[in-house]
Amino acid sequence: MNPRKKRIEERKLIKQSIWLGSVFTVWAIIIGIVVDSKAIIFDALFSMIGISLSGVSLFVNNFIRKPDDDNLPFGRSQFEPFAITVQTSVIIFLCLYSLTTSVIDLINGGKIVEMDLALPYLIFSIVGCFILWLYFKSNAAKLGSEYVRIESTEWQLDAFLSFGVLAGLSLAFFITKTKYEYLVPYIDPTMVVIISLLFLRIPAQTFKKNIRELLQFAPDDEVEDLMHTNVDEITAQYGFLESVVRVAKTGSSYTVEIDFLLPKSMSEMKVAELDRIRQEVYERIKGNYTMWLTISFTTERKWII
């Protein structure tokens, strides 16, 4: 899929996620307030923040496709991991905030939640969010889009959150009027504590990955392995003394610098011959990704280190 079509599909999917998330959010807020459930309100807040962050993704998706200019001569791909880092930071903060307030509720004696209105909402939310998670996950894989993958993760977390809340409230219903009824007020905040801790793992991993991209760490993926393997083969094929490959990944774009150290006997090679080798290197390492590629040749080792 060409980059332009990919961007159009990404924007379409993000807009769908925003509209669907808005419906779930309004409904969750109303139900959460009526039944006085912190877990359901947490679900609503999670959806609300997800909508806001999807809007940021939509803006960044449009922004990074603009051509390079004097202020951003190396492109705008760094804004993609920056936006995703902001998204995951907010999700992490929300999980920590909910964890803290629920611990305070537990200390203060917990709270009672009405099941009559909460149950239909939770069943519909679980089914709806699960279907949407699979839908966005499938499209993210098809497009190879980090933006859409983040959307699918948010729907996944929403589905698991609703399921956790339903499990907790169902337990509360079954132990009412038994000798364990004194535990009922503690179930809702306990479920939020458990879910918040479980939810932290996914955004934390995404946060770490995108921070590495912002700091231009080597990507350590199959693309980098492909580049190193092919450059080593080119080095041996043409009898070069050494080669150095530097790769950084920012968003969906790779910045690649390849330096070849030639023996002194090759110092008179024509530019046309060197360009032919450049083209061969490019043909062997290109893929379904954008790449800022620099290839240089020298007979002085000081220029490659």
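Patches are made of residues with over 30% relative accessible area and no salt bridge, nonpolar side chains (Val, Leu, Ile, Met, Phe, Trp, Tyr) being joined within 5 Å and like charges within 9 Å. A salt bridge is a side-chain nitrogen of Lys or Arg within 4 Å of a carboxyl oxygen of Asp or Glu, and accessible areas come from the Shrake-Rupley method with a 1.4 Å probe, where for residues only the protein chains shown count as cover. The model is a predicted one, in which local features need pLDDT of at least 70 and side-chain atom pairs count only at pLDDT 80 or more, while totals for chains, interfaces and linings use all residues. Residues are numbered from 1 along each chain as its sequence is written, and side-chain values use heavy atoms, with hydrogens and water left out.

The chain contains nine helices and three strands, taken as DSSP runs numbered from the N terminus (helices H or I, at least four residues; strands E, at least two). Along the sequence these elements follow the pattern α-α-α-α-α-α-α-α-β-β-α-β. Of the 305 residues, 48% count as buried (under 20% relative accessible area; exposed, over 50%; partly exposed, in between; 1.4 Å probe, protein chains only).

On the surface, Ile33, Ile41, Leu45 and Met48 make a nonpolar patch of about 330 Å². Helix α2 supplies the largest share of this patch, three residues, whereas Ile33 lies in helix α1. Ile33 counts as exposed because its relative accessibility is 59%.

In the interior, three cavities of 30 Å³ or more were found in a search of the whole structure. A cavity is a set of points on a 1 Å grid over the protein atoms alone where a 1.4 Å probe fits but cannot get out, and its lining residues have an atom within 4 Å of a point. The largest cavity has a volume of about 90 Å³, a volume being the space filled by probe spheres set on the points. Its lining includes Ser17, Phe46, Ser54, Trp155 and Asp158. Two or more lining residues come from each of α1 (3–35), α2 (38–63) and α5 (146–175), and α2 gives the most, with five.

The second largest cavity holds about 40 Å³ of space and is lined by Thr88, Ile91, Ile150, Thr153, Glu154, Leu157, Pro203 and Thr206. The elements giving two or more residues to this lining are α3 (79–107), α5 and α7 (201–214); α5 provides the largest share, four residues.

Key: 1 Å grid on protein atoms, 1.4 Å probe; cavity = no way out; pocket = protein on both sides within 12 Å on 5 of 7 lines; lining within 4 Å.
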